[in-house]
Amino acid sequence: MSARSLLAFLAVLAVVALLAFGLLNKGATKIAIGDPVPDKVLPALPGPGRGSIAKYRGKWILVNLWASWCVPCRQEAPVLQRFYERNRADDTTVLGINVQDNEDDARTFLREHPSGYPQLRSVGDERSAAFGSTGVPENFLVEPNGDLALIWRGPVDEQFLRERVTPLIKSGS
Amino acid sequence: MSFRRAFSGLLPDKAHRNVLCALVAAAALTVPAPAAATAPHPAPQTTVNAIEAEVMCPICGTLLELAESPQARREKVFVAKLVAAGKGKAEVKDALIAQYGPSVLALPKASGFDLSAYLVPILAIAIAMVVLAFSVLGWRRSGRESQPSAAEVAADAPQGEDAERLEADLSRYDL
């Protein structure tokens with residue numbers, strides 16, 4: 001094999017390796033039911049303080065990724081609040097994580113849609129990437145042991161919570 | 001008659017003048033000037049368009065100036081507020097990173113697959129330099145091989161009558 005052929009072969013090999021690496025890398029953020037929930041200590045919203053999903057270990061946690069500019073998030077906020085009020089006595093909580101947003105807008109959102117449940121703030125899309133998120137809102141039910149019990153990539157309503165979420169919580173408690 | 005003497009009865013004496021001056025000065029201080037009543041707006045150090053052309057809408061994956069999503073609209077408002085507050089381009093970008101993360105900059109991340117955006121050009125330049133070096137060496141080698149030897153040059157030189165005619169032609173051009 002001549003030097004020129006060897007160089008051409010190496011160049012093609014490099015391009016193929018790069019594409020393969022890209023494909024593998026993109027798939028690395030996928031999460032599935034039964035996986036441990038991705039967690040990280042984040043600033044509390046509106047603050048002060050910090051929090052994480054692990055802080056609520058031992059409870060069922062409905063993790064809700066939201067942003068202030070997202071219209072469906074506005075619609076589901078009161079639904080989540082009512083769910084929280086109904087179930088908080090049964091070792092169940094809702095945990096909001098604000099993503100892809102700026103802090104002022106997030107605070108304004110919480111003033112307009114007060115939530116009794118805890119809220120955290122993730123800068124940029126780092127947490128969205130960890131959850132393999134494709135948009136907002138997205139909801140994840142976490143078992144008391146920290147494993148994912150349900151992944152719902154979209155807004156929740158009363159019917160969904162009653163028919164899909166509550167039975168899981170009741171069966172596990 | 002001087003003015004002072006003519007109106008001496010109407011003008012205040014020195015002690016009263018001092019009191020009057022003090023009162024006028026105090027009144028001037030207590031009444032705010034219209035210009036001082038409103039806080040001065042800081043002069044903009046950059047423009048919204050200049051920022052929007054250099055930062056991303058992280059959700060859309062496009063430049064902010066091209067994006068029209070709800071998130072992009074909020075980001076544009078955020079930028080406009082900072083520009084109106086007199087922040088410079090670097091300050092606005094820092095604030096954007098603090099709020100939206102480093103992906104807001106129109107730069108690929110220096111990790112994961114995006115790292116290839118930095119590595120590939122470097123590798124391409126390195127490969128191009130190696131190819132160029134091999135090519136130059138090849139050209140030099142082939143040039144040396146194709147160069148005629150002294151014996152070949154001597155053999156190709158005109159002989160006899162041709163040599164004489166060449167010499168005669170060239171001598172005609174001698175100045």
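1. In which sense do strand 6 of chain A and strand 7 of chain A pair, and over how many bridges? The model is a predicted one, and in it these two strands run antiparallel to each other, with 4 bridges between them. Within this pairing, A:N139 has A:W152 of strand 7 of chain A as its bridge partner. The hairpin that the two strands form has 5 residues between the strands, and there A:G146 adopts a positive phi near 95°.

2. The hairpin belongs to a wider arrangement, which should be read with the strand order in mind. Chain A holds an open sheet of 5 strands in the order 5-4-3-6-7, and the pairing in this sheet is mixed. Its edges are formed by strand 5 (119-121) and strand 7 (148-152) of chain A, each of which pairs on one side only. From one strand to the next the twist averages 20°. As general background, the strands of a sheet pair through backbone hydrogen bonds, in either a parallel or an antiparallel way.

3. On its other side in that order, strand 6 (residues 138-142) of chain A is joined to strand 3 (residues 60-66) of chain A, again in the antiparallel sense, over 5 bridges. A residue pair that can be used to check the register is A:L65, which stands opposite A:E138 in strand 6 of chain A.

4. Two helices of chain A deserve a comment together with the sheet. Helix 2 (residues 71-87) of chain A packs on the sheet and touches strand 3 and strand 4 (92-98) of chain A, while its direction makes about 155° with that of strand 4 of chain A. Helix 5 (residues 158-172) of chain A, for its part, lies across strand 3, strand 4, strand 6 and strand 7 of chain A, and runs at about 180° to strand 7 of chain A.

5. Several backbone details in the loops of chain A merit inspection, given that most residues other than glycine have a negative phi and most peptide bonds are trans. A cis peptide bond links A:L45 to A:P46, with omega about 0°, and A:P46 sits in the loop between strand 1 (42-43) and strand 2 (50-51) of chain A. Another cis peptide bond links A:V136 to A:P137, with omega about -5°; here A:P137 is in the loop between helix 4 (126-130) and strand 6 of chain A.

6. A:D91 and A:Q100 should be examined as well. A:D91 is not a glycine, yet has a positive phi of about 50°, and its place is in the loop between helix 2 and strand 4 of chain A. A:Q100 likewise is not a glycine and has a positive phi of about 50°, in the loop between strand 4 and helix 3 of chain A. Are these residues buried or exposed? A:D91 counts as partly exposed because it has 15 C-beta neighbours inside 10 Å, whereas A:Q100 counts as buried because it has 30 C-beta neighbours inside 10 Å.

7. Turning to the interface, 20 residues of chain A are in contact with 18 residues of chain B. On the side of chain A that touches chain B, the elements giving two or more residues are helix 1 (3-26) and helix 3 (103-112) of chain A, and helix 1 of chain A supplies the largest share, with 9 residues. Sorted by class, this side of chain A has 10 nonpolar, 5 polar and 5 charged residues.

8. Chain B contains 9 helices and 2 strands, and from the N terminus on its elements follow the order α-α-α-α-β-β-α-α-α-α-α. Of the 175 residues in chain B, 14% are buried. Among the contacts in chain B with a separation of 6 or more, 49% are between residues 24 or more positions apart.

9. One helix pair of chain B can be described in detail. The axes of helix 5 (residues 70-84) and helix 6 (residues 89-100) of chain B come within 10 Å and cross at roughly 145°, and the crossing of helix 5 of chain B with helix 6 of chain B is right-handed. Helix 5 of chain B contributes B:E75, B:F78, B:V79, B:L82 and B:V83 to the contact, and helix 6 of chain B contributes B:V92, B:A95, B:Q99 and B:Y100. By class, this contact has 7 nonpolar, 1 polar and 1 charged residues.

Key. Residues are numbered from 1 along each chain as its sequence is written. Chains are lettered from A and ligands numbered from 1 in the order in which they are written. This is a predicted model: local features need pLDDT of at least 70, side-chain atom pairs count only at pLDDT 80 or more; totals for chains, interfaces and linings use all residues. Two residues are in contact if their C-beta atoms, placed from the backbone, lie within 7 Å. Ala, Val, Leu, Ile, Met, Phe, Trp, Tyr, Cys and Pro count as nonpolar, Asp, Glu, Lys and Arg as charged, and the others, Gly among them, as polar. Two strands pair if DSSP finds at least two bridges between them. Axes are lines fitted to C-alpha atoms, for helices over the stretch in contact, and angles run from 0 to 180 degrees between N-to-C directions. A crossing is left-handed if the near helix is turned anticlockwise from the far one by less than a right angle, and right-handed if clockwise. A residue is buried if 20 or more other C-beta atoms lie within 10 Å of its own, exposed if 12 or fewer, and partly exposed in between; C-beta atoms are placed from the backbone.
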